[in-house]
Amino acid sequence: MTAIHTRLTKFLGIDHPIISAPMAFAASGRLAAAVSAAGGLGLIGGGYGDAAWLEESFDEAGNQPVGCGFITWSLAENPSLLDLVLERRPQAMMFSFGDASSFVEKTKSQDIKVICQVQSVAQARDAADWGADIIIAQGSEAGGHGAIRATLPLVPAVVDAVGDRAIVVAAGGIADGRGLAAALTLGAEGVLMGTRFYCSEEAMVEGEAHDLAVAANGDSTVKSSVVDHVRGKTWPSPYKLHTLPNAYLDKWHGNEDALLAQIEQETQAYDQAGADSDYNTRAVIVGEGVGLINTTEPAATMIENCIAEAVGSLRGSFALVK
Ligand SMILES: Cc1cc2nc3c(=O)[nH]c(=O)nc-3n(C[C@H](O)[C@H](O)[C@H](O)COP(=O)(O)O)c2cc1C
């Protein structure tokens with residue numbers, strides 16, 4: 001296979017400039033190991049933090065060199081989880097959503113590489129000041145939580161601001177080789193993809209959710225706080241959760257005061273919907289890139305196709321230059 005080499009591949013010692021997102025509840029050791037085995041860097045989704053689950057995930061990844069990502073504001077509520085993960089000597093640690101300065105310092109002091117995901121140029125400058133090795137510029141097209149700025153203008157702005165101090169990687173709405181080629185053209189050194197790997201066979205995702213994601217159209221996603229309310233997660237502003245729409249979101253999105261007035265009952269109903277695999281209530285967490293995904297397949301096939309398509313796109317673009 002033709003390869004794409006960047007500062008990211010060199011720094012991480014990987015074959016392809018592709019990182020899989022540390023998706024809470026979806027990216028266990030199995031997915032992370034599959035991505036790393038296929039030449040990218042796989043990240044375990046530390047999410048809101050569960051010690052036993054993290055131990056199991058690292059065991060599941062076996063000898064594959066994988067990393068792990070945490071939701072920073074949540075890790076701050078239980079910082080000992082970072083020690084647990086650092087003991088497993090991850091390939092890299094990723095921190096998103098909040099002030100990660102002390103976590104970056106601790107991680108780097110143990111000679112482990114640091115990735116920070118940011119949603120604005122100001123946050124990128126902070127992350128570079130903390131000493132992040134890799135900065136993910138995440139646009140609002142992303143699945144899961146995100147903020148306001150869109151990938152296309154955010155990525156080159158972050159490259160201009162901190163590209164001389166950190167390796168910049170693009171995320172948000174990138175789900176195939178055309179997106180990878182575009183990200184490289186914007187000055188990024190690689191991509192981090194979540195929604196695409198959510199649809200991989202190795203993701204911890206139920207068949208019903210995969211079917212809905214594969215059938216979905218990128219026109220119809222929704223960004224809301226409804227799911228955070230019913231899951232009892234207090235996300236700081238301006239972060240909203242990007243998902244597919246469903247009957248439950250249709251009912252409560254824009255109607256949050258009424259939801260909060262009966263939150264205990266709704267939390268129970270949402271939990272029950274999880275147990276019942278009821279996706280009329282339970283949200284499928286993906287971003288706009290879902291419209292580019294028509295099948296579930298192994299992560300290795302996704303990476304292979306992505307690189308081949310990016311090489312084709314880059315060569316095609318170059319051919320336009322006369
Ligand atoms: C199902 C799902 C769960 C996610 N959970 C997390 C998370 O726990 N921590 C995090 O930093 N990012 C999380 N993200 C966001 C990703 O890190 C990444 O920014 C995003 O997936 C990139 O955009 P894309 O989905 O269009 O590829 C999640 C994304 C998805 C799709």
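This note goes through the ligand shell, the central strands, two buried residues, one helix and the domain contact of a predicted model.

1. **Ligand shell.** The ligand is surrounded by 30 residues. The closest are Ser-96, Ala-142, Gly-143, Gly-144 and Gly-194. By class, the shell holds 14 nonpolar, 14 polar and 2 charged residues.

2. **Elements that supply the shell.** At least two shell residues come from each of strand E2 (43–47), strand E3 (67–71), strand E9 (191–193) and helix H10 (195–198). Helix H10 gives the most, with 3 residues.

3. **Strand E5 and its cover.** Strand E5 spans residues 113–118. It is mostly covered, with 5 of its 6 residues buried.

4. **E4 beside E5.** Strand E4 (residues 92–96) pairs with E5 in the parallel sense, over 5 bridges. Ser-96 has Gln-117 of E5 as its bridge partner. Ser-96 is also one of the closest residues to the ligand. Helix H6 (residues 101–109) joins E4 and E5 in a right-handed β-α-β unit.

5. **E6 beside E5.** Strand E6 (residues 134–138) also pairs with E5 in the parallel sense, here over 4 bridges. Gln-117 has Ile-136 of E6 as its bridge partner. From E5 the chain crosses through helix H7 (residues 121–130) to E6, and this β-α-β crossover is right-handed. Gln-117 thus appears in two bridges, with Ser-96 and with Ile-136.

6. **Pro-17.** This residue sits in the loop between helix H1 (7–12) and strand E1 (18–20). Is Pro-17 buried or exposed? Pro-17 counts as buried because it has 31 C-beta neighbours inside 10 Å, and the cut-off for buried is 20 or more. Beyond its neighbours within four places in sequence, Pro-17 is in contact with Ile-4, Thr-6, Leu-8, Thr-9, Glu-189, Gly-190 and Val-191. Val-290 is 273 residues from Pro-17 in sequence and 21 Å from it in space, C-alpha to C-alpha.

7. **Val-169.** Val-169 belongs to strand E8. It is buried, because 27 other C-beta atoms lie within 10 Å. Which residues does Val-169 contact, leaving aside its neighbours within four places in sequence? They are Leu-8, Ile-19, Ile-134, Ile-136, Ala-188, Glu-189, Gly-190, Val-191 and Leu-192. Ile-136 is the E6 bridge partner of Gln-117. Leu-8, Glu-189, Gly-190 and Val-191 are among the contacts of Pro-17 too. Trp-73 lies 96 residues from Val-169 in sequence and 22 Å away in space, C-alpha to C-alpha.

8. **Helix H9.** H9 covers residues 177–185. Its buried residues are Gly-177, Gly-179, Leu-180, Ala-181, Ala-182 and Ala-183. Their cover includes helix H8 (151–162), strand E8 (167–171), E9 and helix H16 (299–319). After H9 comes Gly-187, with a positive phi near 105 degrees.

9. **Domains.** The domain assignment gives domain 1 (7–205 + 296–317) and domain 2 (207–275). Domain 1 is thus listed in two segments. The two centres, taken over C-alpha atoms, are 24 Å apart.

10. **Contact between domains.** Here 14 residues of domain 1 are in contact with 12 residues of domain 2. Strand E7 (residues 144–146) gives the most to the domain 1 side, with 3 residues. That side divides into 9 nonpolar, 5 polar and no charged residues. Gly-144, which falls in the range of E7, is one of the closest residues to the ligand.

Key
Residues are numbered from 1 along each chain as its sequence is written. This is a predicted model: local features need pLDDT of at least 70, side-chain atom pairs count only at pLDDT 80 or more; totals for chains, interfaces and linings use all residues. A residue is near a molecule or strand if its C-beta atom, placed from the backbone, lies within 6 Å of it. Ala, Val, Leu, Ile, Met, Phe, Trp, Tyr, Cys and Pro count as nonpolar, Asp, Glu, Lys and Arg as charged, and the others, Gly among them, as polar. A residue is buried if 20 or more other C-beta atoms lie within 10 Å of its own, exposed if 12 or fewer, and partly exposed in between; C-beta atoms are placed from the backbone. Two strands pair if DSSP finds at least two bridges between them. A crossover is right-handed if, with the strands pointing away from the viewer, the path from the first strand over the helix to the second runs clockwise. Two residues are in contact if their C-beta atoms, placed from the backbone, lie within 7 Å. Domain bounds come from an automatic or database domain assignment.
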